Amino acid sequence: MISYGKQSIDQSDIDAVVEVLKGDWLTQGPAVETFENDIKNYFGAKHVCAVSNGTAALHLAGLALDWQPGDIVITTPLTFLATANCIVYAGATPDFVDIDPVTYTIDSNLVEEKIKIYQSKGKKVKAIIGVDYAGHPCNWKALREIADKYDLQLVNDNCHALGATYFDNKHYAVKYADLVIQSYHPVKHLTTGEGGTVLTNNSELDERIRRLRTHGMTKDNSKFSIQHQSLNEPWYYEMHEVGYNYRITDFQCALGSSQLKKLDGFVEKRREIAKYYDKAFENNQLLTTPAKSDNVNYSYHLYPLQIDFEKLSLTKAQYFKKMKEVGINLQVHYIPVHLQPFYQKNYGFNTGDFPVSESFYMNEVSLPIYPDLTSDDVSLVVNNIMQNISL
Ligand SMILES: Cc1ncc(COP(=O)(O)O)c(C=O)c1O
């Protein structure tokens with residue numbers, strides 16, 4: 001069965017993990033710091049904190065940015081649940097802004113409109129979380145301008161866009177956002193099994209995130225209560241706010257460092273597959289391929305194809321079934337978050353609130369795209385997509 005995404009593990013990855021397993025450290029050993037440094041170098045960040053998964057990274061981002069009950073945090077409905085859930089974890093109020101119909105990322109014009117609507121009611125938006133959906137960076141220049149103009153915090157949920165460039169810059173994520181979070185789940189561009197990071201150029205945010213990753217503990221005596229600062233007790237630690245155990249293990253980080261060495265090649269392979277799909281589906285009235293904006297080099301975590309099911313005599317479910325019969329497991333990314341019963345019940349969202357995301361969801365299917373997909377697999381996908389289109 002060909003699925004929409006899959007990890008690519010070779011002998012060098014296995015050797016890297018086995019080496020750590022034979023050593024003294026399993027949890028927070030030297031491989032964690034090495035991985036953090038590798039991520040720092042690749043993405044041009046001053047600080048990187050590796051954590052147990054991308055959801056933990058989002059949770060820590062909200063805590064470090066001091067989101068509180070009553071704060072309004074805006075994101076896109078076209079994302080995985082975790083992006084919006086981290087706002088709920090903080091007790092803050094989630095709101096959404098629809099996507100741009102071409103880039104499928106949050107529409108920066110609508111973001112500003114929404115901020116102004118809140119302003120007119122005497123309310124201030126605290127933060128925006130942009131999501132580089134499918135590997136296409138958001139309009140970060142516009143979002144940064146808005147963040148500066150209205151004094152908001154800016155977070156990049158960068159899980160889909162490892163290896164993407166924005167204005168020829170691979171370091172764009174920390175350049176524009178105050179905090180950047182990544183996930184290394186197996187379907188992502190590189191994997192640590194479960195795993196994630198928070199990247200930032202702000203040392204205070206990084207220090208706080210590091211404490212919160214380990215229960216809120218500090219062993220830095222300059223942070224101790226005055227009476228303990230000069231005692232030099234080697235066992236001593238303090239906790240000033242509650243944190244979590246969001247640590248990642250040493251052997252996961254060894255895998256991450258080994259995978260990162262191959263990231264450029266992985267992204268190249270994804271781009272080749274995307275190019276093949278683009279060519280195969282161009283000029284077809286029923287199909288819309290993902291658009292590439294100027295100044296963006298897509299890294300294709302996903303290949304979101306839109307099929308006009310209304311014009312086709314098949315429903316999306318029937319289409320999925322037909323593709324599954326020939327061994328192709330399609331996916332959908334995503335059911336817009338505001339359509340989830342939890343968000344409707346607790347925050348009053350309704351069908352129709354974000355029409356661009358909703359119509360995108362009606363049509364979208366995620367085609368298989370990952371480095372180990374063979375050219376035969378890709379042809380099989382194309383042939384079957386076309387065959388079922390012509391019914
Ligand atoms: C956009 C986005 N944000 C957050 C996450 C959460 O990451 P993780 O699965 O590592 O917790 C994911 C992963 O699926 C994601 O796609």
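**Exercise 1. Determine which helices the buried residues of α9 pack against.**

Step 1. The model is predicted, so local features require pLDDT of at least 70 and side-chain atom pairs count only at pLDDT 80 or more, whereas totals for chains, interfaces and linings use all residues. Residues are numbered from 1 along each chain as its sequence is written, and side-chain values use heavy atoms, with hydrogens and water left out.

Step 2. Locate the helix: α9 comprises residues 250–260. Helices (H or I, at least four residues) and strands (E, at least two) are DSSP runs, numbered from the N terminus.

Step 3. Establish the burial. Of the 11 residues of α9, 10 are buried; buried means under 20% relative accessible area, exposed over 50%, and partly exposed in between (1.4 Å probe, protein chains only). Among the buried residues are Asp-250, Gln-252, Cys-253 and Leu-260.

Step 4. Identify the partners. The buried residues of α9 pack against α1 (11–21), α2 (30–43) and α10 (263–281), where contact means heavy atoms within 4.5 Å.

**Exercise 2. Describe the setting of Tyr-277 in helix α10.**

Step 1. Tyr-277 belongs to helix α10, and its relative accessibility of 0% is why this residue counts as buried.

Step 2. List the contacts. Leaving aside residues up to four places away in sequence, Tyr-277 touches Tyr-303, Leu-367, Pro-368, Leu-373, Val-378, Val-381 and Val-382.

Step 3. Compare sequence and space. Tyr-277 and Ile-369 are separated by 92 residues in sequence, while their C-alpha atoms are 9.9 Å apart.

**Exercise 3. Trace the salt bridges of Glu-36 with Arg-210 and Arg-213.**

Step 1. Begin with the total: the structure holds 20 salt bridges, each being a side-chain nitrogen of Lys or Arg within 4 Å of a carboxyl oxygen of Asp or Glu.

Step 2. In the pair Glu-36 and Arg-210, the closest N and O atoms are 3.3 Å apart. Glu-36 lies in helix α2 and Arg-210 in helix α8 (residues 203–213), so this salt bridge ties together parts that are 174 residues apart in sequence. Glu-36 is buried, at 5% relative accessible area, whereas Arg-210 is partly exposed, at 28%.

Step 3. In the pair Arg-213 and Glu-36, the closest N and O atoms are 3.0 Å apart. This pair also links distant parts of the chain, with Arg-213 in helix α8 and Glu-36 in helix α2, 177 residues apart. Both Arg-213 and Glu-36 are buried.

Step 4. For contrast, take the salt bridge between Glu-325 and Lys-321, whose closest N and O atoms are 3.7 Å apart. These two residues are four residues apart in helix α11 (residues 316–325) and therefore separated by about one helical turn. Both Glu-325 and Lys-321 are exposed.

Step 5. Assemble the network: salt bridges with shared partners join Glu-36, Asp-206, Arg-210 and Arg-213.

**Exercise 4. Account for the surroundings of two buried acidic residues, Asp-157 and Asp-107.**

Step 1. Asp-157 is found in strand β5 (residues 153–157), and Asp-107 in the loop between β3 (93–96) and α5 (108–120).

Step 2. Asp-157 is buried and has no salt bridge; its nearest side chain of opposite charge is Lys-188, 7.7 Å away. Asp-107 is likewise buried without a salt bridge, and there Lys-114 is the nearest such side chain, at 12 Å. Lys and Arg count as positive and Asp and Glu as negative, while His and the chain ends are not counted.

Step 3. The side chain of Asp-157 makes a polar contact of 2.9 Å with that of Thr-83. A polar contact is a pair of N or O atoms within 3.5 Å; within protein, one must be able to donate a hydrogen and the other to accept it, and residues adjacent in sequence count only if both atoms are side-chain atoms. A polar atom of the Asp-157 side chain also lies 3.3 Å from the backbone nitrogen of Cys-159.

Step 4. Not counting residues up to four places away in sequence, Asp-107 touches Val-97, Asp-98, Ile-99 and Asp-100.

**Exercise 5. Identify the polar atoms that lie 2.8 Å from an oxygen atom of the ligand.**

Step 1. Of the 15 residues around the ligand, Gly-54, Thr-55, Asp-157, Ser-183 and Lys-188 come nearest; a residue is near a molecule if one of its heavy atoms lies within 4 Å of it.

Step 2. The atoms are a backbone N or O atom of Gly-54 and a polar side-chain atom of Ser-183. For Tyr-334, a polar side-chain atom lies 3.2 Å from a ligand oxygen.

Step 3. The protein covers 91% of the 380 Å² of accessible area that the ligand has on its own. Accessible areas come from the Shrake-Rupley method with a 1.4 Å probe; for residues, only the protein chains shown count as cover.
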